[in-house]
Amino acid sequence: MSHNTPLIDIRQLNKVYQTADSQTQALKNVDLTIFKGDYVSIQGPSGGGKSTLLSIIGLLDTATSGDYQISNVAINKLNQSQMAKVRNKEIGFIFQDFNLIGDMTVRQNVELPLIYRGVDKATRQAKVEEVLRRVNMIQRCEHKPNQLSGGQQQRVAVARALVGTPSLLLADEPTGNLDSKNGDSVMQLLQELNEQGVTICMVTHDS
């Protein structure tokens, strides 16, 4: 993909939540373009619609109206299962609360997205090792999440997001549950990944 073709192209995006007696407009006429290799931060107060926008970019939610293309694929033409396929291929998620599976080891947590994709075992093992080295967690690969600090858990979550070589890494308040030292180290990691060519879109309320 050439640099002048957007990875993410959003035009006039609206999201309205409808209840029996009221309408809440979470997003209004949003335009957003993200190119390969960008590091974009979406900032604003709680309740400002940041996470809603991230959910739509991440194909976890759909817009009420507007156009959204990722890697030249028009999202509003896809059904749920096609969206899931695009999500699995194109997007890696990092959440505020890590979302690791407690009774699985670090290695198994990171391997999971590749199992969903039907990747063979030898390839999975090689990929898992590679990403755990990148986030400096290979020495903890047989630990369970509850044996790790918050910062270490977030590094594992970053590894899991990276393992499928996504086009875009989406980070929703990735330092929200971390103290400043661990938060800084996760931010440093994201910076390094971006320098290595990973495209990142992050939501935060913290400048």
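Reader: Let's start with a single residue: is G49 buried or exposed?

Author: Happy to. One thing to keep in mind throughout is that this is a predicted model. The general idea is to compare the relative accessible area with a cut-off, and buried means under 20%. G49 has a relative accessible area of 11%, so G49 is buried.

Reader: Where does G49 lie, and which residues is G49 in contact with beyond its neighbours in sequence?

Author: G49 lies in the loop that runs between β3 (39-43) and α1 (50-57). Once the neighbours within four places in sequence are set aside, A26 and L27 are in contact with G49. You can also look at a pair separated along the chain: K15 and G49 are 34 residues apart in sequence, with 9.1 Å between their C-alpha atoms.

Reader: Now a loop between two helices. Is H143 buried, partly exposed or exposed?

Author: The same reading applies here, with partly exposed lying between the 20% and 50% cut-offs. H143 has a relative accessible area of 26%, so H143 is partly exposed. You will find H143 in the loop between α4 and α5. Its contacts, leaving aside neighbours within four places in sequence, are M104, T105, V106 and L148. For T105, the C-alpha atom is 5.3 Å from that of H143, although the two residues are 38 apart along the chain.

Reader: Let's move to side chains that meet the backbone. What does the side chain of T199 reach?

Author: For a polar contact, look for a pair of N or O atoms within 3.5 Å. In this model the T199 side chain reaches the backbone nitrogen of G37 at 2.7 Å. T199 sits in strand β8, and T199 counts as buried because its relative accessibility is 1%. Beyond four places in sequence, the residues in contact with T199 include L7, I34, S167 and L169, as well as G37 itself.

Reader: Which backbone atom of G37 lies 3.1 Å from the side chain of N194?

Author: That one is the backbone oxygen of G37, and its partner is a polar atom of the N194 side chain. N194 belongs to helix α6. With a relative accessible area of 14%, N194 is buried. Apart from neighbours within four places in sequence, N194 has contacts with G37, D38, Y39 and I200.

Reader: Next, the nonpolar cores. How many residues are in the largest one, and which have the most contacts inside it?

Author: To read a core, follow buried nonpolar residues joined through their side-chain atoms. The largest nonpolar core has 30 residues, and V110, L132, L169 and L193 have the most contacts inside it. The elements giving two or more residues to this core are α3 (106-116), α4 (121-134), α5 (150-162), β7 (168-172), α6 (180-195) and β8 (199-204). With six residues, α5 gives the most to this core. Apart from it lies another core, of 26 residues, with V40, I57, L168 and C201 among them.

Reader: Which residues of α3 are buried, and which elements do they pack against?

Author: When reading a helix, list its buried residues and then see what they touch. In α3 the buried residues are V106, N109, V110, E111, L112, P113 and L114. They pack against α2, α4 and α5. After α3 comes G118, with a positive phi near 75°.

Reader: On to the pockets. How much space lies in the largest pocket, and which residues are closest to its centre?

Author: For a pocket, read the volume, then the lining, then the chemical classes. The largest pocket holds about 480 Å³ of space. Its lining has 20 residues, and N88, F93, P113, Y116 and R160 are the closest to its centre. Two or more lining residues come from each of α2 (80-90), β6 (91-94), α3 and α5. The largest share, five residues, comes from α3. By class, the lining has eleven nonpolar, five polar and four charged residues.

Reader: And how much space lies in the second largest pocket?

Author: About 220 Å³. Of the 14 residues that line the second largest pocket, T175, M187, T204, D206 and S207 are the closest to its centre. Each of β3, α6 and β8 supplies at least two lining residues, and α6 gives the most, with four. This lining divides into four nonpolar, seven polar and three charged residues.

Conventions:
Residues numbered from 1 in each chain as written. Predicted model: local features only at pLDDT ≥ 70, side-chain atom pairs only at ≥ 80, totals over all residues. Heavy atoms only, no water. Buried < 20%, exposed > 50% of the residue type's maximum accessible area, 1.4 Å probe, protein only. Contact = heavy atoms within 4.5 Å. Core = buried A, V, L, I, M, F, W, Y, C linked by side-chain atoms within 4.5 Å. 1 Å grid on protein atoms, 1.4 Å probe; cavity = no way out; pocket = protein on both sides within 12 Å on 5 of 7 lines; lining within 4 Å. Points joined across faces, edges and corners; volume = space filled by probe spheres on them. Nonpolar A, V, L, I, M, F, W, Y, C, P; charged D, E, K, R; others polar. Polar contact = N/O pair within 3.5 Å; in protein donor to acceptor, adjacent residues only side chain to side chain.
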